[in-house]
Amino acid sequence: MRMSKAIKITAKKAPEGYDFGASKFFGTPTVPLAWDGDFYDDELFFCQIRLSDIAELDKENKLPHAGYLYVFLHTEDGKYHLGADVRYHDGEPELAIDDFNAAVEDYEKYTEAYLMEFSEVDEDEICTRLFGVPSDWNYVDETPKLLMQYDPLDNEMDFLDTLDGFVYLFFGENEKDLSAVTLREEYT
């Protein structure tokens, strides 16, 4: 059986003066002007992906190859258990929001950007990645379709580093409906 491929995400601390429109975790999100004021107080900017950066690696066309994919997280019950707000914008963003995470209780320190680099990996690689199958999935039910797997031990960002496991973002029933993406924290 031939394994399919996934897209590994490697994160490195951004240098001063980096391009705010780059694919990154944390830092200053660049969003469409129409989204200004469209976020909750407890919403955390997790990442943005300039989709042209992954176009060559997304051989199955799971995502558009232009525009931006955004993942914002919000706390569902105060400090613990995060929910996902996944958004797509089909153009170039016009607004940079400085210190987006600075006022989010317990997440104030996530204002520094970590630039993403992308490479091809096997679908079950234990790492932070797009697509593939969830690592350590031990359930008998059908495996959900994976948008992103975040491994807190796979980088130097310290985000959720007390989670011994993974954060998964799963596509909904219709993979093209990014508003239906769900988040699941899974402990190993």
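Two residues are taken to be in contact when heavy atoms of theirs lie within 4.5 Å. With that in hand, the environment of Arg87 in this predicted model is easy to describe: beyond the residues up to four places away in sequence, Arg87 touches Trp35, Asp38, Phe39, Tyr68, Leu69, Tyr70 and Phe72. Before returning to this site, it helps to look at the chain as a whole.

The protein chain contains 12 strands and zero helices, and its pattern along the sequence accordingly reads β-β-β-β-β-β-β-β-β-β-β-β. With a radius of gyration of 16 Å, close to the 16 Å that the globule rule gives for 188 residues, the protein chain is therefore as compact as a globular protein of that length. The C-alpha trace spans about 45 × 35 × 30 Å along its principal axes.

Burial and contacts add to this picture. Among the 188 residues of the protein chain, 48% count as buried. Of the contacts with a separation of 6 or more, 61% are between residues 24 or more positions apart. The protein chain exposes an accessible surface of about 9,800 Å², and carbon and sulfur atoms contribute 45% of that surface. As for charge, there are 43 negative side chains and 16 positive ones, with the centres of the two sets 6 Å apart.

Back at the first site, Arg87 belongs to strand E6, which covers residues 80-89. Is Arg87 buried or exposed? Its relative accessible area is 13%, which is under the 20% cut-off, so Arg87 counts as buried. A polar atom of the Arg87 side chain lies 3.1 Å from the backbone oxygen of Asp38, and Asp38 is also one of the residues that Arg87 touches.

A second site is centred on Asp53, located in the loop that runs between strand E4 (43-50) and strand E5 (68-77). Here the relative accessibility is 32%, a value between the cut-offs of 20% and 50%, and Asp53 is therefore classed as partly exposed. Which residues does Asp53 contact, leaving aside its neighbours within four places in sequence? They are Ser23 and Phe118. With Ser23 the link is a polar contact between the two side chains, at 2.7 Å. Leu147 offers a further point of reference for Asp53: the two residues are 94 residues apart in sequence, and their C-alpha atoms are 16 Å apart in space.

Taken side by side, the two sites consist of a buried arginine in a strand, Arg87, and a partly exposed aspartate in a loop, Asp53.

Notes
Residues numbered from 1 in each chain as written. Predicted model: local features only at pLDDT ≥ 70, side-chain atom pairs only at ≥ 80, totals over all residues. Heavy atoms only, no water. Helix = DSSP H or I, 4+ residues; strand = E, 2+ residues; numbered from the N terminus. Rg over C-alpha atoms; globule rule 2.2 N^0.38 Å. Buried < 20%, exposed > 50% of the residue type's maximum accessible area, 1.4 Å probe, protein only. Areas by Shrake-Rupley, 256 points an atom, 1.4 Å probe, with all protein chains shown as cover. Lys, Arg positive; Asp, Glu negative; His and termini not counted. Charge placed at Lys NZ, Arg CZ, Asp CG, Glu CD. Polar contact = N/O pair within 3.5 Å; in protein donor to acceptor, adjacent residues only side chain to side chain.
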